[in-house]
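I opened this structure to look up its aromatic rings and its pockets, and I keep my notes here.

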Amino acid sequence: MNEPLKPLYDKRVTCLHCHHKFTSKKVRTKFARPIKTDTDFCSYYEEDDCNPVLYFINVCPECGFSFSDHTPSYFPPGAYERIEKEIVSKWIKHSFSDKRTKQMAIETYKLAILSASLKGEKHIVLAGLCMRLAWLYRQLEQVDLEERFLRLALQEYEQAYTYGDYATSEVPEISVIYLIGEIYRRLGNYHDAIQYFSQAANHSMKSMYPKYVQMAREQWRVTREQYAQMGNEQAGTDMVK
């Protein structure tokens with residue numbers, strides 16, 4: 001008799017830095033069904049075994065270089081040497097290839113952020129890593145650390161938007177604008193949040209992304225109400241078309 005299918009499976013991975021082969025657990029798609037999702041796309045699951053965010057990062061047990069399945073294999077000049085100096089030379093060999101707790105996943109994201117920074121990844125990549133790390137701290141109810149990484153994610157998303165380095169990724173511009181607005185809202189900067197939500201709702205490509213337009217409109221209204229409660233009744237009066 002066949003055993004019931006389990007949420008986790010082992011995926012064979014080759015380290016992009018040292019080419020060591022290892023396994024990293026992933027969540028089967030059929031099990032990755034959230035029971036709730038926040039307005040910045042943080043998803044919650046009944047069991048942590050079904051949370052793909054915990055297993056998004058691959059950590060090489062040999063050299064410590066950490067990356068996702070979407071990390072490009074190209075290393076710009078000087079990246080290899082920086083990684084050898086800052087990660088490999090300090091790495092004590094150990095594995096993250098088994099089942100992970102949220103705390104273990106947090107360690108993998110910190111390693112991935114360091115790896116991505118040394119490798120010279122684009123701002124949109126670093127933004128996504130910081131955002132996922134903020135989600136994990138939120139689920140652990142560690143508010144100060146959640147806010148710290150939301151602020152770092154915001155910086156990277158704004159840089160990605162300014163320099164347009166999301167263009168070669170699968171991330172549409174309207175989603176970057178929406179997330180900047182939502183992070184500003186969560187950090188209590190309602191004025192800037194309103195401006196970005198308005199921009200997203202009136203984006204030139206809005207017909208292609210009705211989901212983001214609807215979310216931007218709703219969060220624009222929510223944020224205006226929050227801003228008004230602070231005694232700024234006149235704020236954000238530029239109506240969303």
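**Rings and the largest pocket**

I looked up Phe-67 to begin with, and it is buried, with a relative accessible area of 5%; buried means under 20% relative accessible area, with a 1.4 Å probe and protein chains only. Phe-65 is buried too, at 1%.

I note that this is a predicted model, in which local features need pLDDT of at least 70, side-chain atom pairs count only at pLDDT 80 or more, and totals for chains, interfaces and linings use all residues. Residues are numbered from 1 along each chain as its sequence is written, and side-chain values use heavy atoms, with hydrogens and water left out.

I then looked up ring pairs, for which rings of Phe, Tyr and Trp (its six-membered ring) must have their centres within 6.5 Å, and the count comes to ten aromatic pairs. The rings of Phe-65 and Phe-67 have centres 5.7 Å apart and planes at 25°, so this pair is stacked, the word for planes under 30 degrees apart. Ring pairs also link Phe-41, Tyr-178, Phe-197, Tyr-209 and Tyr-212 into a cluster.

I turned last to the largest pocket (on a 1 Å grid over the protein atoms alone, an open set of points where a 1.4 Å probe fits, with protein on both sides within 12 Å along at least five of seven lines). Its lining, meaning residues with an atom within 4 Å of a point, has 45 residues, of which Phe-56, His-70, Gly-128, Arg-132 and Val-171 lie nearest the centre of the pocket.

Methods. Rings of Phe, Tyr and Trp (its six-membered ring) pair if their centres lie within 6.5 Å; planes under 30 degrees apart count as stacked, over 60 as edge-to-face and the rest as tilted. Buried means under 20% relative accessible area, exposed over 50%, partly exposed in between (1.4 Å probe, protein chains only).
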